Amino acid sequence: LFCGAGIPFPGDILKSMRNVVFAALLTVSSAAVFAESAAGVRWTAPAAWKAEAARPMRAATYSIPNVAGESGTAECVVNYFGPGQGGDVAANMERWRGQVLGADGKPATAKIDKRTVRGVPITVIDASGTYTGMGGPMMGGAKPVAGYRLIGAIVEGPGGSVFFKLTGPAKTIAAQQKNFEQLLASIQLDK
């Protein structure tokens, strides 16, 4: 509606402003859905990853779609156990390395990389083979699965270490490696 000479009616202006404000709030709130934090660090999960419901001992769990032709569970689990908890970086790298076995039944060769993102130390491990890490007291003794890959990262936050563990069928994890690297690149100190 116009109130003469092409000037919009005041009610239309208010309606348009309300729609613009609503759209802006929706955009900001949807972006915040993917931002997570623990131990004084914040990260942004990839949009393609689905945040799952809260679980004990986990800061976050993301389910990841498999690539065509692969079956199995692909996920990124984020653990935070509290200040000074969860063990040191070297012991956890060794434990994760032991969860992926090579054809000889021994821990698979693993690539370990250290980096710093915005002043936050991060240690990354990457190993492929038969994944045995799905067992343990919480999982009821799941069977080892061949053809899996683990990419893990320990982020040393001011409030303790945050453990990011991406696991799943090897081709799916290869397809998600860039997303995992983007998640790690998003790490920053919580304000």
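This passage walks through a hairpin, a set of salt bridges and one buried threonine in a predicted model.

A good place to start is the pairing of strand 7 and strand 8. Strand 7 covers residues 110-117 and strand 8 covers residues 120-131. The two run antiparallel, and eight bridges hold them side by side. At one point along this pairing, A110 sits across from A127 of strand 8. Just two residues lie between the strands of this hairpin, and R118 adopts a positive phi near 50° there.

Charged pairs come next. The structure has five salt bridges in total. One of them belongs to the hairpin's strand 8: D126 pairs with R149, and their closest N and O atoms are 2.5 Å apart. This pair ties together distant parts of the chain, with D126 in strand 8 and R149 in strand 9 (residues 145-157), a separation of 23 residues. Both D126 and R149 are buried.

Another salt bridge brings D113 and R115 together, with 3.1 Å between the closest N and O atoms. What about their surroundings, buried or exposed? Neither word quite fits: D113 is partly exposed, with a relative accessible area of 30%, and R115 is also partly exposed, at 23%. The cut-off for buried is under 20%, so R115, at 23% relative accessibility, falls in the partly exposed class. The story does not end with two residues, as salt bridges with shared partners gather D113, R115 and E181 into one network.

Helix 2 (residues 89-98) offers a more local case. Here E94 and R97 are three residues apart, which means about one helical turn separates them. Their side chains meet in a salt bridge, with an N to O distance of 3.1 Å. E94 is partly exposed at 45% relative accessibility, and R97 is partly exposed too, with a relative accessible area of 24%.

The last stop is T172, a residue of helix 3, which spans residues 170-185. Where does the side chain of T172 reach? It comes to 3.0 Å from the backbone nitrogen of V67. V67 is also one of the residues in contact with T172 once neighbours within four places in sequence are set aside; the others are I64, P65, N66, E70 and A74. How accessible is T172? Its relative accessible area is 1%. Buried means under 20%, so T172, at 1%, counts as buried.

Key
Residues numbered from 1 in each chain as written. Predicted model: local features only at pLDDT ≥ 70, side-chain atom pairs only at ≥ 80, totals over all residues. Heavy atoms only, no water. Helix = DSSP H or I, 4+ residues; strand = E, 2+ residues; numbered from the N terminus. Buried < 20%, exposed > 50% of the residue type's maximum accessible area, 1.4 Å probe, protein only. Polar contact = N/O pair within 3.5 Å; in protein donor to acceptor, adjacent residues only side chain to side chain. Contact = heavy atoms within 4.5 Å. Pairing = 2+ DSSP bridges. Salt bridge = Lys/Arg side-chain N within 4 Å of Asp/Glu carboxyl O.
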